[in-house]
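Grab a pencil and work through the exercises below. Each one sets a task and then walks through a solution.

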Amino acid sequence: MLAVRPIIRLWPMITAALLVILSTTVAWGAPVPLPSLNIGVGTATRPGEVATTVQIFLLLTVLSLAPSLLIMTTSFTRIVVVLSFLRTAMGTQQAPSNQIILALSLFLTFFIMTPVWQQINQEAYQPFKSGAISQEQAFVKAVAPVRKFMLTQTREKDLALFVSLSKQERPRNADEIPTLTIIPAFMISELRTAFQIGFLIYIPFIVIDMVVASVLMSMGMMMLPPVMISMPFKILLFVLVDGWGLVIGSLVKSFG
């Protein structure tokens with residue numbers, strides 16, 4: 001209440017100042033200007049204006065799909081799934097939080113995908129920027145390194161599945177496989193690999209849970225939750241074996 005009293009005392013002064021300003025503007029006939037915003041669709045007079053509008057629309061569409069493209073065509077899926085399995089296996093609830101897992105997955109994705117993006121910059125963006133190649137050629141050269149990365153991480157069985165589902169003719173080589181067929185096959189392969197790594201991560205923690213539950217039952221402490229006792233041992237084991245280094249190192253090496 002003491003902090004509010006000075007503010008209450010200032011209200012008469014503020015009101016008087018506003019009345020003086022309003023009366024002055026009315027007396028001089030100069031109303032307070034208000035900003036306005038007009039958005040309209042006009043008639044194009046040249047074909048180039050239509051082409052520019054279409055290019056802006058396509059650019060905005062690509063920018064809105066950028067997060068999905070980052071998830072679908074990079075190593076992000078495998079990393080975030082494995083880290084989520086790790087947190088669940090340790091039983092630490094929300095430690096680390098979702099924000100930390102996503103941030104770590106994102107920066108690991110940048111670390112793994114840097115050679116691919118550097119190749120895109122050297123072979124596609126820089127020549128296109130200097131005018132050495134056209135926009136269509138730059139797009140083809142930019143997609144090639146991403147396709148190569150996805151194909152090296154995709155199982156042939158998954159590729160064959162989506163080729164058969166699309167009812168296309170059997171491609172003679174990898175260059176004839178459409179990119180829209182490679183992307184879902186790559187994501188399925190990434191999920192399969194992530195679940196395999198997650199299963200291996202679960203094994204030592206399950207052993208600790210079983211040992212703790214057996215000891216508690218033998219001591220007659222059946223009302224005590226085993227998870228409450230086993231979680232500190234899980235954290236201790238994970239720290240002693242340098243778990244973060246092992247998990248992150250295995251994840252990065254799995255893309256080699």
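Buried means under 20% relative accessible area, exposed over 50%, and partly exposed in between (1.4 Å probe, protein chains only). What you're looking at is a predicted model, so local features need pLDDT of at least 70 and side-chain atom pairs count only at pLDDT 80 or more, while totals for chains, interfaces and linings use all residues. Residues are numbered from 1 along each chain as its sequence is written, and side-chain values use heavy atoms, with hydrogens and water left out.

**Exercise 1. Find T74 and decide whether it is buried or exposed.**

Step one: locate it. T74 sits in the loop between α3 (66-72) and α4. Helices here are DSSP runs (H or I, at least four residues; strands are E, at least two), numbered from the N terminus.

Step two: apply the cut-off. T74 has 2% relative accessibility, so it is buried.

Step three: list its partners, taking contact as heavy atoms within 4.5 Å. Skipping neighbours within four places in sequence, T74 touches L69, T109, M113, W117, F149, F186 and E190.

**Exercise 2. Do the same for D242, and say what stands out about its phi.**

Start with the place: D242 is in the loop between α9 (226-240) and α10 (243-253). Its relative accessible area is 49%, so D242 counts as partly exposed. Now the backbone: phi of D242 is positive, about 55 degrees, although the residue is not a glycine.

**Exercise 3. Work out how α4 and α5 pack.**

First, the geometry. α4 and helix α5 (residues 98-130) pack at about 145 degrees, with axes 9 Å apart. Axes are lines fitted to C-alpha atoms, for helices over the stretch in contact, and angles run from 0 to 180 degrees between N-to-C directions.

Second, the hand. The α4 and α5 crossing is right-handed (the near helix is turned clockwise from the far one by less than a right angle; anticlockwise would be left-handed).

Third, the residues. From α4 come F76, I79, V80, L83 and R87, and they meet α5 residues including I101, L102, L108 and I112. By class, that contact has 10 nonpolar, three polar and one charged residues. Ala, Val, Leu, Ile, Met, Phe, Trp, Tyr, Cys and Pro count as nonpolar, Asp, Glu, Lys and Arg as charged, and the others, Gly among them, as polar.

**Exercise 4. Which parts of the chain does the F85 and F195 pair link?**

To set up: rings of Phe, Tyr and Trp (its six-membered ring) pair if their centres lie within 6.5 Å, with planes under 30 degrees apart stacked, over 60 edge-to-face and the rest tilted. By this rule there are eight aromatic pairs. For F85 and F195, the centres are 5.0 Å apart and the planes stand at 80 degrees, so the pair is edge-to-face. F85 belongs to helix α4 (residues 76-90) and F195 to helix α8 (residues 179-218), 110 residues apart, so to speak of distant parts of the chain is fair.Next, widen the view: F85, F195 and Y202 form one aromatic cluster. F195 itself is partly exposed, at 49% relative accessibility.

**Exercise 5. Which residues does V81 contact?**

V81 lies in helix α4, and with a relative accessible area of 17% it is buried. Leaving aside neighbours within four places in sequence, V81 is in contact with L191, A194 and F195. For a C-alpha check, V81 and I197 are 9.5 Å apart in space and 116 residues apart in sequence.
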